[in-house]
Amino acid sequence: MIPKSQMYLGARIVENNPEEETPVVPYKGTVTAIEETGKGELDYFVYIRLDDESMKQKRISLCCPDKIMTCFPWTIDLEEKQKMEQKMKNKKVPDPSKRHRLS
């Protein structure tokens with residue numbers, strides 16, 4: 001979920017829809033336009049140009065033959081945020097019982 005204050009043209013986004021039961025491969029794209037629908041932080045939607053990789057997914061290519069998709073803020077995240085979260089998941093956290101104590 002991306003608040004309006006963090007959204008910008010050219011942002012790289014990736015699907016992150018908690019209601020999607022089985023996202024096979026998340027779609028990715030670049031923000032080309034932002035439409036405000038109100039004054040709240042989540043009152044907007046964006047148009048994205050889908051990546052070629054995303055267009056290889058049948059469910060995407062059928063609904064977006066022109067490579068443009070409309071996305072709502074609660075179904076997407078910034079691609080950089082997703083990459084950072086993945087790095088944190090892959091990073092080993094040291095066992096607290098094996099930490100050295102300072103005297």
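**Strand pairing, nonpolar core and selected residues**

In the predicted model, a polar contact of 3.0 Å links the side chain of Glu 15 to the side chain of Arg 59. Glu 15 belongs to strand 1. With a relative accessible area of 8%, Glu 15 is classed as buried, because the cut-off for that class is under 20%. The bridge partner of Glu 15 in strand 5 is Ile 76. Strand 1, which covers residues 12-15, and strand 5 are joined by three bridges and run antiparallel.

The pairing of strands 1 and 5 is part of an open sheet of five strands, ordered 4-3-2-1-5, with antiparallel pairing. Strand 4 and strand 5 (76-78) are the edge strands, each pairing on one side only. From one strand to the next, the twist averages 45°.

The largest nonpolar core contains 17 residues. Met 7, Ile 13, Tyr 27 and Ile 48 have the most contacts inside this core. At least two core residues come from each of strand 3 (44-50), strand 4 and strand 5. The contribution of strand 3, four residues, is the greatest.

Tyr 27 was examined further for its contacts, with residues up to four places away in sequence not counted. Its partners include Ile 13 and Ile 48, both of which are listed with Tyr 27 among the residues with the most contacts inside the core. Tyr 27 also touches Glu 15 and Ile 76, the two residues that form a bridge pair between strand 1 and strand 5. Other partners of Tyr 27 are Val 14, Leu 50, Ser 54, Gln 57, Ile 60, Met 69, Cys 71 and Thr 75.

Ala 33 is located in strand 2, residues 28-36. Its relative accessible area is 25%, and Ala 33 is therefore partly exposed. Although 14 residues separate Ala 33 from Tyr 47 in sequence, their C-alpha atoms are 5.2 Å apart in space. Tyr 47 is also one of the residues that Ala 33 touches, along with Leu 9, Phe 45 and Val 46, when residues up to four places away in sequence are not counted.

A further local feature concerns backbone geometry. Most residues other than glycine have a negative phi. Lys 67, which is not a glycine, has a positive phi of about 70°. Lys 67 is placed in the loop that runs between helix 2 (58-63) and strand 4 (68-71). The relative accessible area of Lys 67 is 23%, so this residue is partly exposed.

Terms used: Residues are numbered from 1 along each chain as its sequence is written. This is a predicted model: local features need pLDDT of at least 70, side-chain atom pairs count only at pLDDT 80 or more; totals for chains, interfaces and linings use all residues. Side-chain values use heavy atoms; hydrogens and water are left out. Buried means under 20% relative accessible area, exposed over 50%, partly exposed in between (1.4 Å probe, protein chains only). Two strands pair if DSSP finds at least two bridges between them. Axes are lines fitted to C-alpha atoms, for helices over the stretch in contact, and angles run from 0 to 180 degrees between N-to-C directions. A nonpolar core is a set of buried Ala, Val, Leu, Ile, Met, Phe, Trp, Tyr and Cys residues joined through side-chain atoms within 4.5 Å. Contact means heavy atoms within 4.5 Å. A polar contact is a pair of N or O atoms within 3.5 Å; within protein, one must be able to donate a hydrogen and the other to accept it, and residues adjacent in sequence count only if both atoms are side-chain atoms.
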